[in-house]
Amino acid sequence: MNPIDPQLPPGDPLVMLGLLASAILFAVGIVGFLSRRNMITMFLCTELMFQGAGLAMISYGRQHMDLSGQVFVIFILTVAAAEAALALGLVVLLYRRKETLSAEAWKELAES
Amino acid sequence: MIAAPAMLSSVLALAEGPLDAHAAPELRWAGLALLLPLVSGVLCLFCGWMKVRSKLPAALTIAALGGAFATILRLQGAVGETPVVINLFDWISWTWGDGSRFHGFTANVDLYIDRLTIFWMLFVTGLGTLIALYASEYMESDVGKGYTRFFGAVSIFLFAMGCLVMGGNLVMLYLGWEGVGLASYLLIGYYFTKPEAVAAAKKAFIVNRIGDLGLALALFLIWQCYGTVEYAALWKAIEAAPASSEWTAQAIPWLLMLGAFGKSAQLPLYVWLPDAMEGPTPVSALIHAATMVTAGVYLIARMFPLFIVNPDALAAVAWVGGLTALLAATIGMAQYDMKRIWAYSTISQLGYMFLGLGVGTTFGASYHVFTHAFFKALLFLTAGAVMHGFAGQLDIRKLSGLLKVPGFRLVSLLAVLGCFWLAAFPFTAAFFSKDEILVSAFTAKDERVHVLGWIGLVVAALTAYYTFRVGFRVFFGPVKYEPGDEHHGHDGHDDHAHGSHGASAAHGGHGHHGEFHPHGPRWAIRVPLVLIAVGAILAGWPSYRTMLNHDEPNWVKTQIAQSSAYQGVAADSHGSHDDHAAAATAAGADQAHADHGHLVLGMDAHTAVGRLGSLACIAGILVSLYLHLINRGAADALRRTLMGSIATRWIVVGAERKWLVDEFYDWVIRLPLRVIANILGAIDDLLLDAGIVNGIGALPAAFGRLFRPLYGGVVQGYAVTMAGGVALVAAWVIWIWLRGAN
């Protein structure tokens, strides 16, 4: 451990809460992604996992008393906004092709 | 192409040429004889490019060749007894070390003008012009198609031959040599949609390449032994050191011989010439008479100083010549295709020429080349006229009595005249030239070659027989003919399109093609034929003059005597050829007579050979007369009799199937080559292509196939893989952490 790095003592309740929340968010996202077929839902689930990861960053930033984690997350949010627009646009296009939102419909893109 | 302007400027820069002081100023124009065919070749190229659809290429070629002929005629009067070297422009000049004799290589674009050169160019350009004129009508059905290509190739042919004959060094000779090979390939394969023509063209080219290898090696060895490839310097070097016993010097004549045998269709490389008649007939005439096959004789005559120091090589030349003459004559007796018979007769006559060279009479050989050029051109061109008129018919069993077919009287008369000349009928030109060769064979110092004189006499009889076999069958007897199945040499033009001459010639009589009208040739075919016939008659002129006045030297002998073909004799320590020594000092015919000490059958050699030759010729003609005119059934009966007995059957089958030489080459050379090629091909296919190249290509695909099941198209599947991966990584981290904690 870096002695210059000012750090909260382990087990800070706020940090632990944040990490727990981020773990729950990520788990919900991954379960949702694996269990649903609707492309919009699946996309929302990826957003959930995304935010879980962001929350973890903020929590660890707090642990280390460093603002970089929060700055990083703000950048990620802006990029994610753009990416969300792109992804939803893709979903709209895919829907127009097959009149369905199911990811199953695009199985033909398989390698084998 | 780039050379042309430079050449022009040096030709036109009259006073600047480094001419010898004694040379006549006309010699400066010698370059024109090379330049004009080249220019017409280039113009034909442009004609092809501009898609000219007229007879312009023919006109250009005829004009250029005529100009070259005029140049040579002009030079003929001007050339003196000493050779003149005319530098057109400098080309290769390398030196290394101190630049002394063996430390440099010079090959400029020089012309070596002596009487041998001019003598050769006289009939090359003269006959070339007439044959081009003939071809302008013969090929007219191809106007707008291959016409330009044909005349372009003819121009290149004549240019290459000029380069070969007039070049001042062996490099130019070699270039011309290869150029002739290329042009012959283009012309023999003129009908390139016809598989036989393509095969014949390839055969001619490849067989010639074998000979060319010999020439190339000889060229290298000449430089190695004498330090120069320029004639003028070479003669000096040979004179200084005539007979080196090193194997390199000894090998030179043998290698040159190989080159000559390839180009001039001698054993063992003669097989390309009979097939070469797949080209248009004027091409056959050009190859057989003027441009190509005479190159080998020229090579040996020109390089004679190198041969004279090697009696074994000369004997080999004589034997190859004599045996080729015999073999080709026996084959010619049993063929049925008129052009094929003439092709074998060419090989046979070339055999005589090499026999002449081998027994040391470059004069006799060159004289025979000269006389042969005319009558062989005549025979081929008349055969072409017949073929042209009878829709490609050349089978002598299906043509008869053409002398009586309207429109063909002139052609037939000229063909019969050509037959008399080929048979060496007494007091024709060929009689005299053949006589020279046989006399020299009988009187040669080298006892080993005397028997070749007898072989030559036998061949003379055979020649007379097979020549008149064609003559009597085709041109005499009852009028009877079947047209060929080809409509005019493969071009499908209408028989009736220009049938004005033959319209009344409905002798046909043969039901199956009743409306066929043979059409006679027009002026552009008739004029060259008549001129060549006149040339054939006049070719004997030098001998007639010598006969009338024994003090008059034979003109041809004078020409040859004052050239390199007789040089080197003075330095010949073996002193093996009196004939040469006599001719080198004075070309008087009487002196040559006096020097033949040998007697043949108790007579002077000239008298004996003259009588025996006449006898052989007349005997051959009489046999032919009986078998092929008076009682044609007897010929077939004779064939049946011979075929009936096992003991004689091989004669007929062998001669008709050309003694199976082609088949022999197929088995001994082509088959092993084919096997090796197939083995190498299999290695290439199986090991290199299939094994290495395709194997490496297959690797990424195989790798991909390994992982392909992971990508089944179900998005959740991918997600599970990913989550599983994450879980594994997490488990590993936790395991490390737990272990660390302990």
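The questions and answers below set values computed from a predicted model against the definitions that give them their names.

In this predicted model, local features need pLDDT of at least 70 and side-chain atom pairs count only at pLDDT 80 or more, while totals for chains, interfaces and linings use all residues. Residues are numbered from 1 along each chain as its sequence is written, and chains are lettered from A, with ligands numbered from 1, in the order in which they are written.

Q: Why are α9(B) and α14(B) called roughly parallel?
A: The axes of helix α9 (residues 247-263) and helix α14 (residues 311-333) of chain B come within 10 Å and cross at roughly 20 degrees. Axes are lines fitted to C-alpha atoms, for helices over the stretch in contact, with angles running from 0 to 180 degrees between N-to-C directions; helices here are DSSP runs of H or I with at least four residues, strands are runs of E with at least two, and both are numbered from the N terminus. Angles under 35 degrees count as roughly parallel, over 145 as roughly antiparallel, 65 to 115 as roughly perpendicular and the rest as oblique, and α9(B) and α14(B) are therefore roughly parallel to each other.

Q: Which residues make the contact of α9(B) with α14(B), and what classes do they belong to?
A: From α9(B) come B:Pro253, B:Trp254, B:Met257 and B:Phe261, and from α14(B) come B:Ala313, B:Ala316, B:Val317 and B:Val320, where two residues are in contact if their C-beta atoms, placed from the backbone, lie within 7 Å. Ala, Val, Leu, Ile, Met, Phe, Trp, Tyr, Cys and Pro count as nonpolar, Asp, Glu, Lys and Arg as charged, and the others, Gly among them, as polar; the contact accordingly has eight nonpolar, no polar and no charged residues.

Q: What makes α5(B) and α6(B) roughly parallel or roughly antiparallel?
A: Helix α5 (residues 147-166) and helix α6 (residues 170-188) of chain B pack at an angle of about 155 degrees, with their axes 7 Å apart. Set against the cut-off of over 145, this angle gives the name: α5(B) and α6(B) are therefore roughly antiparallel to each other. The residues making the contact include B:Phe157 and B:Leu164 of α5(B) and B:Trp177 and B:Leu187 of α6(B), and by class the contact has 16 nonpolar, two polar and no charged residues.

Q: Why is B:Lys51 called buried or exposed?
A: A residue is buried if 20 or more other C-beta atoms lie within 10 Å of its own, exposed if 12 or fewer, and partly exposed in between, with C-beta atoms placed from the backbone. B:Lys51 has 8 C-beta neighbours inside 10 Å and so counts as exposed. B:Lys51 lies in the loop between α2 (30-49) and α3 (56-78) of chain B, and its phi is near 55 degrees, a positive value in a residue other than glycine.

Q: What makes B:Ala424 buried or exposed?
A: B:Ala424 has 30 other C-beta atoms within 10 Å and is therefore buried. The phi of B:Ala424 is also positive, near 55 degrees, in a residue other than glycine, and the residue is placed in the loop between α17 (409-422) and α18 (429-443) of chain B.

Q: How do you know which exposure class A:Gly69 belongs to?
A: A:Gly69 has 19 C-beta neighbours inside 10 Å, so it counts as partly exposed. A:Gly69 lies in helix α3 (residues 68-98) of chain A and, leaving aside neighbours within four places in sequence, is in contact with A:Met57, A:Ile58, A:Tyr60 and A:Gly61.

Q: What makes the peptide bond from B:Leu267 to B:Pro268 noteworthy in its geometry?
A: This bond is cis, with omega near -5 degrees, and B:Pro268 is found in the loop between α9 and α10 (272-275) of chain B.

Q: How do you know that chain B touches chain A?
A: In total, 11 residues of chain B are in contact with 10 residues of chain A, and those on the side of chain B divide into seven nonpolar, three polar and one charged. Helix α1 (residues 13-35) of chain A and helix α29 (residues 715-741) of chain B have axes that come within 8 Å and cross at roughly 145 degrees. There, A:Ile30, A:Phe33 and A:Leu34 meet B:Gln716, B:Ala719, B:Val720 and B:Ala723, a contact of six nonpolar, one polar and no charged residues.
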